[in-house]
Amino acid sequence: MNYEELLEARVAEGAKKVQMPIGTYYKKQVDDKYLNTIDIRPQLNDNIVFAEGLKRECEENAELIHKHQLHFEPVMTGADITSLTVEKGNFLSIDQLLREQPAIVARREFVDSVVNDLLDLTAYLHEKGIWHVCYSPQNVFVRKGDQAVMLLSHGSYYLGMSEPMSLYEGMEEYVAPEIRNAGTIDARCDIYSLGKFIDYLFEKADIPYEYKRVAKKAQNEMPEGRYQTPEEMKNALVKKRGIYKSLWGVAIAVIAALLIVGLYFELMPQPTNVEYVKPAPKSDVDDLLDDGFDPMTELGVVSSDTSVILTPEQAAHQKEYEAKAEQIFRKQYTEKADKILSKVYNNDNLSSSEKKFLSGLSDVNEELMRAQLELGEQAGLSDAKAQVIAAEIVESLTEQKKKGLNYYGIQK
């Protein structure tokens with residue numbers, strides 16, 4: 001037994017079998033060698049439609065030329081395909097990988113690579129008229145070593161069965177509602193399942209903003225409410241990731257301003273005259289929400305993911321509602337940002353150690369970003385609009401707090 005075969009043997013000893021829709025994937029020992037094998041579920045071979053679908057998939061599998069597509073050959077017992085021999089390599093299901101290495105989802109490059117590569121492969125399959133149907137963690141694989149994502153068998157070959165959901169016992173939540181209800185299958189079924197798969201990746205970790213928003217839309221119960229293609233879903237991820245990074249740019253600017261102010265006061269000589277200034281009283285602002293205005297439900301409000309053609313009258317109402325939504329956001333975000341910035345923009349914090357000061361800044365910027373995203377969504381503003389307003393408010397508050405800072409009790 002050579003080194004490669006010894007390695008295969010060790011993997012086989014420790015690996016568990018994976019229950020896929022069409023059968024069980026595992027390492028099988030044949031003549032002192034270990035082969036990647038899928039044993040077809042025996043009861044499925046009694047189904048003529050399934051048997052025909054499996055035969056067709058075996059014929060077409062070799063023609064799928066994509067680096068994230070696994071290939072296999074049929075093993076016959078009489079006239080039936082009873083198992084598949086999968087190409088050489090060490091492969092784990094995502095479920096197995098996360099059981100062995102749950103912390104891997106904290107590696108942003110791993111998650112980005114898995115999701116982007118799945119979207120690329122899905123787009124390729126759709127061009128061939130193939131739908132994967134079920135992106136359950138047992139039905140998506142990675143290659144040990146480089147952890148490249150892989151797909152094996154695809155569900156659209158078997159949707160002609162009288163009860164196609166019999167393939168997905170225990171995986172039903174990853175299958176689109178229209179398939180569960182014997183509806184039409186198209187690209188949007190895979191979009192739904194991909195959204196569920198993203199949620200699974202972050203089941204025990206904090207889900208980043210862009211993945212949360214994209215996964216939510218992908219799982220819309222109505223197909224027309226989802227992304228219509230894998231390319232559209234991928235572009236949405238890129239766009240929302242860009243917005244998040246832009247917001248980080250604003251945060252970095254705030255950090256720079258705070259550091260400059262801290263150094264300025266640290267280097268200033270201490271004056272002898274002391275003058276205490278009371279803070280200006282806060283002016284009362286009417287709570288627009290008390291007027292019964294809800295920007296998410298008022299007629300004419302358009303979300304960032306939809307658009308409508310409006311009449312001139314509706315456009316006028318639209319403009320009015322958008323102005324009111326912006327007013328609500330400005331008021332709420334100003335109050336929230338003022339409280340957040342006060343945590344670091346105070347004399348005690350500026351006089352603290354550099355380590356403590358920078359730690360406080362990091363927490364503050366996370367809070368500023370969360371507040372902008374949450375309040376912007378509540379007010380019905382687009383991400384871009386909320387970001388611009390938030391940056392303006394943070395800059396204004398920063399200038400105000402500069403003027404109000406004391407150094408050892410001295411007004412500057």
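Select glycine 23 in strand S2 of this predicted model; its bridge partner in S3 is isoleucine 40. Strand S2 covers residues 23–30, and strand S3 covers 33–40. Eight bridges join S2 to S3, and the two strands run antiparallel.

Move next to the other end of this pairing and select valine 30, which stands opposite lysine 33 in S3. The strands S2 and S3 form a hairpin with two residues between them, and aspartate 31 there takes a positive phi near 55 degrees.

**The five-stranded sheet**

Now display the whole sheet to which these strands belong. Five strands make up this open sheet, in the order S1-S2-S3-S5-S4, and their pairing is antiparallel. Strand S1 (18–19) and strand S4 (72–77) stand at the edges with a single partner strand each, so one side of each is left without a neighbour in the sheet. Strands of a sheet pair through backbone hydrogen bonds, either parallel or antiparallel.

Begin at the S1 edge. Select valine 18 and then tyrosine 25, its bridge partner in S2. Two bridges join S1 to S2, in the antiparallel sense. Three residues lie between S1 and S2, which form a hairpin.

Cross S2 and S3 to reach strand S5, residues 80–86. Which residue of S5 is the bridge partner of threonine 37? Select threonine 85: this residue is the partner in question. The antiparallel strands S3 and S5 are joined by four bridges.

Continue to the other edge, where S4 pairs with S5. Six bridges join these two antiparallel strands. Two pairs of residues are worth selecting here. Phenylalanine 72 has valine 86 of S5 as its bridge partner, while methionine 76 stands opposite isoleucine 81 in S5. Follow the chain round the turn to glycine 78, which has a positive phi of about 70 degrees. The hairpin of S4 and S5 has two residues between its strands.

**A helix across the sheet**

Keep S3, S4 and S5 displayed and add helix H2, residues 48–61. Helix H2 lies across these three strands, and runs at about 35 degrees to S5.

**The three-stranded sheet**

Select strands S6, S7 and S8 next. They form an open sheet in the order S6-S7-S8, again with antiparallel pairing. The edge strands are S6 (91–93) and S8 (149–150), each of which pairs on one side only. Strand S7 spans residues 141–143 and pairs with S8 over two bridges, in the antiparallel sense. To locate this pairing, select phenylalanine 141 and its bridge partner in S8, methionine 150.

**Two packed helices**

Turn to helix H4 (residues 108–127) and helix H6 (residues 187–201). Their axes are 12 Å apart, and the helices pack at an angle of about 165 degrees. Because angles over 145 degrees count as roughly antiparallel, H4 is described as roughly antiparallel to H6. The crossing of the two helices is right-handed.

Show the side chains where the helices meet. From H4, select Val111, Val114, Val115, Leu118, Leu119, Thr122 and His126. From H6, add Ala187, Asp190, Leu194, Phe197, Ile198 and Leu201. How many residues of the contact of H4 with H6 are nonpolar, polar and charged? The division is ten nonpolar, two polar and one charged.

**Confidence along the chain**

Finally, colour the model by pLDDT. The mean for the protein chain is 81, and 74% of its residues reach 70 or more. Select residues 9–14, where the pLDDT is below 50. Beyond near neighbours in sequence, that stretch has six contacts in the model. Residues 407–412 also have a pLDDT below 50; for this second stretch, there are 24 contacts beyond near neighbours in sequence.

Terms used: Residues numbered from 1 in each chain as written. Predicted model: local features only at pLDDT ≥ 70, side-chain atom pairs only at ≥ 80, totals over all residues. Heavy atoms only, no water. pLDDT = per-residue confidence, 0-100. Contact = heavy atoms within 4.5 Å. Axes fitted to C-alpha atoms, helices over the stretch in contact; angles between N-to-C directions. Parallel < 35°, antiparallel > 145°, perpendicular 65-115°, else oblique. Left-handed = near helix turned anticlockwise from the far one by under 90°. Nonpolar A, V, L, I, M, F, W, Y, C, P; charged D, E, K, R; others polar. Pairing = 2+ DSSP bridges.
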